[in-house]
Amino acid sequence: MRASGEREEPSAGPASRRVVLKGAALTAGLAATGLAAARPGYAATDPLPAATDPADAGGRPGRPQRVTARMGGTALTLSLVDGALHWSVRRDGRKVLDTSALGLRLADGTVLGGDVQVTGDRQRTRRTTWTPVYGRNATVTDHYQERCWSLRDRATGIRFEVQARAYRTGVALRYALLDQGTATIADELTTFVLPDGTTVYSARDEDAYVPVAPGSIPVTGTASTDIGPLTDLPLTATLPGGLIACVCESARADYPRLMLGSVPGEPNTLSAFLMEHTARGTGPVETTTTVSTPFTTPWRVVVVGTTHAELVDNAELVLNLAPPNALSDTSWIKPGKVFRCELSTAAGLQGVDFAVARGLEYIEYDAGWYGPEFSTPDATKPIAAIDLPAVISYATGRNIGVFLYVNRLALTDADSLFGLYKSWGVRGIKLGFINDGTRTMTDQIIEWARTAAKHRLLIDMHDDVRPFGYERTYPNWISLEGVRGNEQFPTATHNVTLPFARNIGGPMDYTICYGQSRDRTTDAHQMAMAAVYYQPLNFLFWYDKPSKYNNPANWPGLPWFNAVPVTWDESRTLAGSIGEYVAVARRAGSDWYLGAMTNESSRTLALPLSFLGSGSWTATVYADGTPGASPYRTPVVVSTRTVTRDDTLDVAMAPAGGQAIVLKPS
């Protein structure tokens with residue numbers, strides 16, 4: 001059932017997903033990179049026919065051999081080249097993807113896409129709007145043109161489809177197996193051939209992003225994980241001529257997680273890799289995926305921006321492709337800001353008072369509240385130091401919710417455990433060491449989200465989990481990690497890469513630190529994250545105690561954190577360049593919150609305020625002061641001024657700095 005506001009047709013079939021490294025000649029070259037077990041694929045560099053010819057490429061007379069879906073300057077073309085499937089993408093006539101291979105390999109060696117016949121072609125254009133429970137914007141427009149090619153494998157007669165959509169904001173493509181029965185998928189043969197001169201931002205697990213050529217993704221992995229020149233999604237690529245694209249996935253179910261790999265001998269090609277191990281090497285290895293058919297794979301999504309700033313604003317494409325909200329009642333789902341308490345009753349009570357004073361919605365007890373998480377996998381009894389009923393009662397009485405951390409080892413009976421927590425009055429759970437990757441783990445993650453929804457619990461999944469749009473389907477799945485955040489205190493360059501990469505795929509739990517000596521950025525930079533990053537569950541003051549802020553006069557940034565929301569009516573990215581700087585303005589009600597961040601270079605951004613309504617506005621500006629000996633020693637300086645929509649703000653930032661600005665109607 002859908003919540004009110006969800007208005008769109010049912011999906012063409014059950015969403016699914018499973019991925020594997022595929023490229024051109026993945027044989028001798030792969031042995032050197034540790035990917036000798038990966039399966040060979042098809043080269044994707046054949047020239048297309050000069051024009052549509054009914055007799056070309058082994059097709060039947062009268063059948064099209066090239067079709068294109070178009071929307072708002074974006075074009076996705078499907079083509080048949082000597083009987084083999086390909087796709088290509090352009091934006092305003094410029095290449096996003098050159099001719100790239102398509103296909104699936106079944107466990108018996110059958111390749112769907114290598115020698116096929118087009119048996120049908122459907123086209124439709126659709127425009128709807130829907131209302132998310134929370135998000136970057138109060139309403140989302142879903143407007144696309146779709147082309148579906150019905151196909152038959154010549155050797156086996158197997159029927160399947162390629163479904164392609166073009167949006168103004170990017171493109172998406174998936175496969176549908178049409179015959180009744182079952183199918184065992186071994187590989188996905190989708191490739192992404194990028195233009196000459198492309199740079200991709202590669203990262204695996206919670207590593208820092210590395211800008212490299214597509215053919216130079218670092219070889220990573222261990223003996224118990226997938227090994228090779230592999231990168232996690234989302235993967236961002238800067239293209240010649242100023243375009244920028246981000247490869248994501250959406251609607252993953254009954255399928256493994258997608259990674260992308262470099263292809264030896266094809267320097268511009270990235271190839272799909274369906275994970276066979278979990279991300280951190282626990283659990284059984286799954287080299288194939290058996291599905292009931294008819295069956296649709298996950299969407300392969302390429303979000304496209306003509307500017308870096310536009311890419312950030314186009315991220316809702318991932319949600320548009322996910323299944324609609326499955327919950328009939330979402331009134332209990334409340335995004336919010338969270339404070340992590342130390343592991344005692346007194347700390348919990350103080351945390352509640354701090355949350356009330358600081359405008360937070362939740363407190364959390366993290367790892368250790370039921371004992372050592374690996375040697376004590378019983379999450380039904382708190383340690384003696386925590387009178388949990390007393391803390392929950394006190395919190396509930398002050399309208400503060402309580403989150404509890406649970407290691408996956410304690411999830412042997414999630415339904416029973418989540419039901420127990422609900423009976424205690426808990427509002428949410430944070431799951432730890434959720435090692436995404438295999439089809440089994442995909443199914444388990446979705447089931448945990450579904451079970452949590454049954455008991456009206458919010459859920460935040462931690463460690464190497466990657467987004468695939470299911471915060472739309474189960475909006476109680478309010479956040480996930482899968483990011484190098486402030487547990488590692490990353491660089492400012494990394495922080496201004498995230499809005500254009502990881503955050504395009506979905507929410508991320510970064511854990512903002514204010515006034516923390518281990519920060520490699522200024523306080524204003526950390527403050528700005530609350531507006532720049534999309535985080536509907538935002539952990540603030542990570543590693544802190546309430547006593548640190550006993551004298552608020554020493555902490556001029558506190559009013560910003562008190563006020564800044566986590567869900568928005570409108571969002572606009574004002575400026576940006578991946579790895580260099582970003583500025584985002586978001587509206588909640590009548591007020592705007594603007595965050596700007598820079599890398600290790602100081603800079604001033606001139607930001608027009610044309611997004612404001614008419615009349616005068618009061619701007620409260622939290623800016624970097626005179627740079628200190630290290631970035632975290634740079635003070636926050638607060639000022640106010642009156643502005644109008646005709647003004648331009650000069651936003652000056654220190655090295656590794658930022659600004660946070662509240663704009664209210666005067």
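**Close-up views of the predicted model**

Asp 121 counts as partly exposed, as its relative accessibility is 31%. The model shown in every view is predicted.

**View 1. A salt bridge between Arg 147 and Asp 121.** The two side chains meet with an N to O distance of 2.5 Å. Strand S8 (residues 140–153) carries Arg 147 and strand S7 (residues 116–130) carries Asp 121, so the pair ties together parts that are 26 residues apart in sequence. Arg 147 has a relative accessibility of 12% and therefore counts as buried, the cut-off being under 20%.

**View 2. A salt bridge between Asp 329 and Arg 456.** Here the N to O distance is 2.5 Å. Asp 329 sits in the loop between helix H3 (317–320) and strand S21 (336–341), and Arg 456 in the loop between helix H7 (439–454) and strand S25 (458–461), so this contact ties together parts that are 127 residues apart in sequence. Asp 329 is partly exposed at 28% relative accessibility. Arg 456 is also partly exposed, at 36%.

**View 3. A salt bridge between Asp 544 and Lys 548, and a network of bridges elsewhere in the list of residues.** The closest N and O atoms of Asp 544 and Lys 548 are 3.1 Å apart. Asp 544 counts as buried, with 8% relative accessibility, whereas Lys 548 is partly exposed, with a relative accessible area of 25%. One network, joined by salt bridges that share partners, takes in Glu 188, Asp 232, Glu 249, Arg 252, Arg 257, Arg 300, Asp 436, Asp 464 and Arg 466. The structure holds 36 salt bridges.

**View 4. Helix H11, residues 523–532.** Of the 10 residues in H11, 10 are buried, so the helix is largely enclosed by the rest of the structure. Among them are the polar or charged residues Asp 523, His 525 and Gln 526, together with Met 527, Met 529 and Val 532. The buried residues of H11 also include Ala 524, Ala 528, Ala 530 and Ala 531.

**View 5. The setting of the close-ups in the whole protein.** The protein contains 12 helices and 35 strands. Its C-alpha trace spans about 80 × 60 × 50 Å along the principal axes. The radius of gyration is 25 Å, which agrees with the value near 26 Å for a compact globule of 666 residues. Buried residues make up 62% of the protein. Of the contacts between residues at least 6 apart in sequence, 72% join residues at least 24 apart. The exposed area is about 22,000 Å², with carbon and sulfur atoms supplying 51% of it.

Conventions
Residues are numbered from 1 along each chain as its sequence is written. This is a predicted model: local features need pLDDT of at least 70, side-chain atom pairs count only at pLDDT 80 or more; totals for chains, interfaces and linings use all residues. Side-chain values use heavy atoms; hydrogens and water are left out. Helices (H or I, at least four residues) and strands (E, at least two) are DSSP runs, numbered from the N terminus. The radius of gyration is taken over C-alpha atoms; the globule rule is 2.2 Å times the number of residues to the power 0.38. Buried means under 20% relative accessible area, exposed over 50%, partly exposed in between (1.4 Å probe, protein chains only). Contact means heavy atoms within 4.5 Å. Accessible areas come from the Shrake-Rupley method with a 1.4 Å probe; for residues, only the protein chains shown count as cover. A salt bridge is a side-chain nitrogen of Lys or Arg within 4 Å of a carboxyl oxygen of Asp or Glu.
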